[in-house]
Amino acid sequence: MKASVSQQQLAHGLGMVSRAVSPRSTLPVLANVLVATDEGRLRLSATNLELGISCWIGAQIHEDGAVTVPARTFADLINALPNDTVHLDLNTKTQTLTVRCGQSITDIKGIDANEYPPIPVPDLREGIELGVGDVKEMIQQVAFAASADEARPVLQGVSLTVNGSELIMAATDGFRISVRKTQLSSAVHQPIAAIIPARALNELARVAGDGEQTVVMVLPPGRGQVLFHMKDVELVSQLIDGNFPDYRAIIPRSFKTTTVISTPALLKACKQAEIIAREGNYVIRLNIQPGADAPGKIEISAQSEETGSSEISVEAAVDGPNLLIAFNVRYLREVLDVVKSPSVALETNANNTPAMIRPVGDQNFQHVIMPMHLG
C-alpha cells in the first residue's frame, strides 16, 4: 500500500473510528485500526466485535493494500503531525507502515489485515432511509433514558419499532421512559422490532455529520445486527437479544392536573435546586398550585441536612387540583435539556403515580417519570 492523504482528514477519520476500538481485549488485533485502500479512497475501520465504525477519506492511492496498526499510537502520531500531506508506505514482508510527513519519518509495526474481523457489507436495497437531522434528534431525546446497569442488558438498549410508515424509539431504566415517534417517507412492508444498544446510537449521532442528508438503516435478517450507512461513514452494531418491557402499559392515559410552564424557566429552576438536592439524594419537591384569579405557580424546593435548603417559585398555567410531588431533579433536568419547544406540559395524577412531560405543540415526544417518595 502506498497512499498520500491530508493530515487533517486522516486525523478526523481516526477520531471518528477510534471510539470503536477495544481498550481491553484478548485479541491484540482489536486494539488496532484497519487502514486499507478501497476504490480510490482510504478506508479506516475499528471494531470491538459489538460495535464497528468505518469511514472513507479522499486520498491519492499509488498502490493498493491493507494493514492494521495500533489505534492509539497511530492516532496520537497523526494528531501530532503538521497540517501537511501524510505519505503512507506499507512493507508487506514486515507489516511495517512507514508514515512520512514534513521532516518526520515514523515506522509503526502492524498486524496482517487478514487477521482483522470482517466488516459486514450492507445490502442498501433492504434499507430504510431516514433524515439525519431526525435521527440525531430522536437519539438525543431517547438514548439518555436507557439504563447503565449491566445486570439488565435489555434496558441498556433502545427499542426501535417500525410499523407502516411510523418509526418509534423508546428507552427506559425503570424510573423513566422516553418515547419519540417520526414518520418515514415510505412505508415498510414488514413490521420491524429491534433493541439497539444506546451506546451505538450515541456513536451514530456523533459520527453523523451535519452536512449529511440521509442515513440508511439496514437490519439483515437473522444476523442480529443493525447497520447504518452514510456517504462516507458506516456504523454496525450487534443487537441486544431479549424482550423489551411493555412500556406502553405504564404510560398514563389521563391526568387530573396539567401544568404548562416555560421550558427555560423550569430548566433554570431545576439547575438551581440541584445544587442543594445533589447532597440529599437529588430529591426535589414540586408544589403545584393553581391560581384562582392570578396565574398558577410551581414552588420547587430542595433540602439537605448538610448544605441547606432552597425554594424557587415559577409561574405556570395550572389546570386541575393542587399537588405536592417529588422527583429526582437529575431526571427532570435531563429531559428538559432535550425538549425543543418553548413551553412544556407536566401532567400528573397523584404523588405516587407516574407523571408525563411533553413539549407543548409536539405530539411526537413523551417522557414518563416516576415520582420519589415524599419523606
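Modeller: A residue is called buried under 20% relative accessible area, exposed over 50% and partly exposed in between, computed with a 1.4 Å probe on protein chains only. The model before us is predicted: local features need pLDDT of at least 70 and side-chain atom pairs count only at pLDDT 80 or more, while totals for chains, interfaces and linings use all residues. Residues are numbered from 1 along each chain as its sequence is written, and side-chain values use heavy atoms, with hydrogens and water left out.

Biologist: Is Gln-225 buried or exposed?

Modeller: Gln-225 is buried, its relative accessible area being 13%. The residue belongs to strand β17, residues 225-229. Strands (E, at least two residues) and helices (H or I, at least four) are DSSP runs numbered from the N terminus.

Biologist: Which residues does Gln-225 touch?

Modeller: Contact means heavy atoms within 4.5 Å. Leaving aside residues up to four places away in sequence, Gln-225 touches Pro-120, Val-218, Leu-219, Pro-220, Val-236, Ser-237, Gln-238 and Leu-239. For the protein, 67% of the contacts between residues at least 6 apart in sequence join residues at least 24 apart.

Biologist: How many helices and strands does the protein have, and what share of its residues is buried?

Modeller: The protein has 6 helices and 26 strands. Of its 375 residues, 49% count as buried. The C-alpha trace spans about 85 × 50 × 35 Å along its principal axes.

Biologist: How should the domains be read, and where do they lie in the sequence?

Modeller: Domain bounds come from an automatic or database assignment. Here the assignment gives domain 1 (2-115), domain 2 (128-238) and domain 3 (257-369). The centres of domain 1 and domain 3, taken over C-alpha atoms, are separated by 49 Å.

Biologist: What does the UniProt record list for residues 249-372?

Modeller: UniProt positions are given in the numbering used here, with shortened feature names, and annotations may be inferred rather than shown by experiment. In an unreviewed entry, UniProt annotates residues 249-372 as "domain: DNA polymerase III beta sliding clamp C-terminal". In this model that stretch is 20% helix and 45% strand, with its end C-alpha atoms 20 Å apart.

Biologist: How is a single helix examined, and what is the span of α5?

Modeller: The expected span is 1.5 Å times one less than the number of residues. Helix α5 (263-277) has 15 residues and reaches 20 Å from first C-alpha to last, close to the expected 21 Å. Its buried residues are Thr-263, Leu-266, Leu-267, Ala-269, Cys-270, Ala-273, Glu-274, Ile-276 and Ala-277. They lie on the same side of α5 because they cover an arc of only 165° around the axis, an arc of the directions from the helix axis to the C-beta atoms. The face turned away from this buried side carries the exposed Pro-264 and Lys-268.

Biologist: Which elements do the buried residues of α5 pack against?

Modeller: They pack against β19 (257-262), β20 (283-289), β21 (296-304), β22 (308-319), α6 (329-338) and β24 (343-348). At the start of α5, a side-chain oxygen of Ser-262 comes to within 3.2 Å of the backbone nitrogen of Ala-265.

Biologist: What does a backbone angle such as phi reveal at Leu-49?

Modeller: Most residues other than glycine have a negative phi. Leu-49, however, has a positive phi near 75°. Leu-49 sits in the loop between β3 (41-47) and β4 (51-58) and is partly exposed, at 44% relative accessible area. Gln-95 also has a positive phi, about 55°, without being a glycine. Its place is the loop between β7 (85-91) and β8 (96-101), and Gln-95 is buried, at 14%.

Terms used
A polar contact is a pair of N or O atoms within 3.5 Å; within protein, one must be able to donate a hydrogen and the other to accept it, and residues adjacent in sequence count only if both atoms are side-chain atoms.
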